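Got your viewer open? Load the structure below, and let's walk through it one selection at a time.

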Amino acid sequence: MKARVVVTLKTGVLDPQGKAIEGALRSLSIAGIGSVRQGKVFDVEIDGEDRDSARKTLNEACERLLANTIVENYSVEIA
Amino acid sequence: MKSAVILFPGSNREQDAARALRAASGAAPAIVWHAEPDLPPGTDLVVLPGGFSYGDYLRCGAIAARSPAMRAVARHAERGGLVLGICNGFQILCEAGLLPGVLMRNANRRFLCRMQHVRVENAGTPFTRGYAEGQVARFAIAHGEGNFEADDATIEAIEDAGQIAFRYCDASGRVDQAANPNGSQRNIAGVFNSRFNVLGLMPHPENLIDPLVGGIDGRPLFEALAG
């Protein structure tokens with residue numbers, strides 16, 4: 001089973017990388033972009049077909065490693 | 001004092017830490033590979049050195065914080081043993097939950113490698129008793145992710161409990177935004193845990209132990225630990 005975990009910075013947390021990307025887009029004259037926040041995507045292959053247990057596993061993976069919940073939020077999508 | 005320096009893949013300041021410990025205590029620390037499940041028996045002090053453990057993959061310190069040796073370090077801290085994390089070691093301690101907060105990318109997006117003044121905020125601990133409260137020390141800094149952040153309640157709590165060890169300041173000891181190199185909340189350069197047996201700091205006191213290489217402001221920290 002395939003799943004995707006998305007980790008993003010919480011609102012209000014300063015994102016210098018996002019700001020740098022924002023500046024680079026501006027220098028490319030790509031118009032109409034208000035702001036950029038950078039996050040991370042993890043594509044995960046899960047054993048078995050039980051969606052509830054997959055969700056539980058991924059939530060634990062996020063809480064214990066993939067996200068630092070002091071400054072990051074995470075979401076889990078199961079295909 | 002029996003000390004151990006934990007070596008992670010990508011650590012690069014372990015010999016600096018070992019040299020400072022040897023100079024202060026007369027004994028060389030054990031160098032412990034991160035895959036070791038236990039510390040050498042009788043270890044009093046664990047030092048997590050600077051560097052780029054695991055190439056800063058995922059988040060700086062995140063993967064090192066989950067290594068077998070760090071489980072032993074957590075048990076050591078739980079028993080009241082001393083733990084000092086310098087630079088990447090500080091990031092690892094935050095990621096391991098042994099210290100509050102998190103170290104984010106420097107607000108100005110620059111990797112900083114230079115000298116920096118810090119003010120000693122709490123001199124009543126095993127780490128800082130060789131300094132006077134309010135003393136200004138000159139340490140080296142070398143980091144891209146030293147911007148200390150925590151939620152407001154945590155910041156208030158560590159402030160009230162005296163857990164702020166060092167703040168970035170200017171040569172006269174003034175703490176303000178002009179003297180803040182990386183955007184850290186309240187100019188925080190180092191913090192203790194609530195029991196004051198774990199210290200993490202971004203600057204490198206281990207590089208300031210010899211007048212030949214820029215000063216000796218780091219010596220009191222290692223000498224206090226050596227007893």
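Here is a tour of the two chains, with a stop where they touch. Bear in mind that this is a predicted model.

**Stop 1: the sheet of chain B.** Show chain B as a cartoon and colour its strands. You should find nine of them in an open sheet with mixed pairing, ordered β2-β1-β3-β4-β11-β10-β9-β6-β7. Now pick out β2 (30-33) and β7 (136-143) of chain B: these stand at the edges, and each has a single partner strand, so one side of each is left without a neighbour in the sheet. Tilt the view to follow the twist, which averages 25 degrees from one strand to the next.

**Stop 2: inside the sheet.** Select residues 82-86 and 198-201 of chain B. These are β4 and β11, a parallel pair with four bridges. What stands opposite Gly85(B) in β11(B)? Zoom in and you'll land on Gly200(B). Then add residues 88-95 of chain B, which is helix α3. Helix α3 packs on the sheet, where it touches β3, β4 and β11 of chain B, and its direction makes about 120 degrees with that of β4(B).

**Stop 3: another helix on the sheet.** Select residues 14-25 of chain B to get helix α1. This one lies across β1 (3-7), β2, β3 (45-48) and β4 of chain B, and runs at about 175 degrees to β1(B).

**Stop 4: the nonpolar core.** Turn on side chains for Ile6(B), Val83(B) and Leu93(B). They have the most contacts inside the largest nonpolar core, a set of 69 residues. Centre on Ile6(B) and look for its contacts: leaving out residues up to four places away in sequence, Ile6(B) touches Val32(B), His34(B), Val46(B), Leu48(B), Ala69(B) and Val73(B). Apart from the largest core lies another, of seven residues, including Val5(A), Ala54(A), Leu58(A) and Cys62(A).

**Stop 5: strands of chain A.** Switch to chain A and select β1 (residues 2-9). On this strand, six bridges lead to β2 (residues 40-45) of chain A, running antiparallel, with Val6(A) partnered by Val41(A). β1(A) also pairs with β3 (residues 72-78) of chain A, again antiparallel, over seven bridges; here Arg4(A) faces Glu77(A).

**Stop 6: where the chains touch.** Finally, show both chains. How many residues of chain A are in contact with chain B? Eight, and they meet 13 residues of chain B. Highlight helix α1 (residues 16-27) of chain A, which gives the most to the chain A side, with three residues. Colour that side by class and you'll count six nonpolar residues, two polar and no charged ones.

Technical notes
Residues are numbered from 1 along each chain as its sequence is written. Chains are lettered from A and ligands numbered from 1 in the order in which they are written. This is a predicted model: local features need pLDDT of at least 70, side-chain atom pairs count only at pLDDT 80 or more; totals for chains, interfaces and linings use all residues. Two strands pair if DSSP finds at least two bridges between them. Helices (H or I, at least four residues) and strands (E, at least two) are DSSP runs, numbered from the N terminus. Axes are lines fitted to C-alpha atoms, for helices over the stretch in contact, and angles run from 0 to 180 degrees between N-to-C directions. Two residues are in contact if their C-beta atoms, placed from the backbone, lie within 7 Å. Ala, Val, Leu, Ile, Met, Phe, Trp, Tyr, Cys and Pro count as nonpolar, Asp, Glu, Lys and Arg as charged, and the others, Gly among them, as polar. A nonpolar core is a set of buried Ala, Val, Leu, Ile, Met, Phe, Trp, Tyr and Cys residues joined through C-beta atoms within 7 Å. A residue is buried if 20 or more other C-beta atoms lie within 10 Å of its own, exposed if 12 or fewer, and partly exposed in between; C-beta atoms are placed from the backbone.
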